[in-house]
Amino acid sequence: MAERESTLRDAAGLEALISRAAASGKGLPPVDKWNPDFCGDLDMEIKADGTWFYMGTPIGRQPLVRLFSTVLRKDADDKTYLVTPVEKVGIRVEDAHFLAVEVNVSGEGDDQTMTFRTNVGDIVEASAENPLRFVVDETNGGLKPYLLVRGRLEALLARPVMYELVGHGEDVTIDGEVMFAVRSKGKVFPIMPAVDLEKQSL
């Protein structure tokens with residue numbers, strides 16, 4: 001019990017720190033412009049299902065998770081940090097930083113737009129600036145789509161969202177090869193060669 005109370009107290013302190021950073025301006029804090037000293041690693045991890053853990057305990061308060069998410073930054077060293085104007089701490093990420101939990105598809109053809117909502121409330125349209133990329137999971141051969149949210153931060157598409165996205169796929173010839181792809185904001189995002197689609201374990 002004492003350990004749990006300590007964990008909650010530490011999390012409250014972190015919340016206050018993040019709140020001060022988030023209050024520095026409207027919208028998302030300019031984390032890319034902050035260059036504080038590295039203060040070490042924090043025992044915090046974002047699991048593949050989008051759940052945030054602190055000291056082995058899930059962070060159940062969504063507003064707190066949202067605050068943390070606004071000061072996330074992935075640097076060129078491929079590591080992820082929580083960044084405020086005065087400090088930078090490392091955290092672990094099991095897969096992606098966010099989970100895309102909903103998609104809305106409007107329009108058709110080149111006018112089609114795919115708009116995604118993440119588990120922390122980001123609204124992102126797939127586009128040249130926020131591209132989709134697709135990888136095949138080496139462990140089970142399944143398809144894993146990712147959406148660039150901001151900076152180097154990505155969202156993994158939840159399985160129902162992936163199925164909905166694939167439902168809007170079409171065959172498109174790219175550099176002489178027929179690819180199964182999706183469109184959004186005038187951009188074509190190839191998923192895989194059309195001949196490989198039947199072999200794919202979605």
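**View 1. Phenylalanine 116 stands opposite valine 124 of strand S9.** The model is predicted. Strand S8 covers residues 113–118 and pairs with S9. The pairing is antiparallel and spans three bridges.

**View 2. Six strands make up an open sheet.** Their order is S9-S8-S7-S12-S11-S10, and the pairing is mixed. S9 (123–125) and S10 (132–136) stand at the edges. Each has a single partner strand, so one side of each is left without a neighbour in the sheet. From one strand to the next, the twist averages 40°. As background, strands of a sheet pair through backbone hydrogen bonds, either parallel or antiparallel.

**View 3. Helix H3 lies across strands of the sheet.** The strands beneath this heading are S7 (98–106), S8, S10, S11 (143–150) and S12. H3 runs at about 30° to S7. Helix H3 itself covers residues 159–166.

**View 4. Alanine 158 sits in the loop between strand S12 and helix H3.** Strand S12 covers residues 153–157. Is alanine 158 buried or exposed? Alanine 158 has a relative accessible area of 15% and counts as buried, because the cut-off is under 20%. Beyond its neighbours within four places in sequence, alanine 158 is in contact with Leu99, Ala100 and Val101. Lysine 144 is 14 residues away along the chain. The C-alpha atoms of alanine 158 and lysine 144 are 9.0 Å apart.

**View 5. Asparagine 130 occupies the loop between S9 and S10.** Its relative accessibility is 17%, so asparagine 130 counts as buried. A polar atom of the asparagine 130 side chain lies 2.9 Å from the backbone oxygen of valine 149. Which residues does asparagine 130 touch, not counting those up to four places away in sequence? They are Val124, Glu125, Leu147, Leu148, Val149 and Arg150.

**View 6. Serine 184 belongs to strand S14.** This strand covers residues 177–184. Serine 184 has 0% relative accessibility and therefore counts as buried. Which backbone oxygen lies 2.7 Å from a polar atom of the serine 184 side chain? It is the backbone oxygen of alanine 126. Ala126 also appears among the residues that serine 184 touches, leaving out residues up to four places away in sequence. The others in that set are Gln112, Thr113, Met114, Ser127 and Phe189.

Key
Residues numbered from 1 in each chain as written. Predicted model: local features only at pLDDT ≥ 70, side-chain atom pairs only at ≥ 80, totals over all residues. Heavy atoms only, no water. Helix = DSSP H or I, 4+ residues; strand = E, 2+ residues; numbered from the N terminus. Buried < 20%, exposed > 50% of the residue type's maximum accessible area, 1.4 Å probe, protein only. Polar contact = N/O pair within 3.5 Å; in protein donor to acceptor, adjacent residues only side chain to side chain. Contact = heavy atoms within 4.5 Å. Pairing = 2+ DSSP bridges. Axes fitted to C-alpha atoms, helices over the stretch in contact; angles between N-to-C directions.
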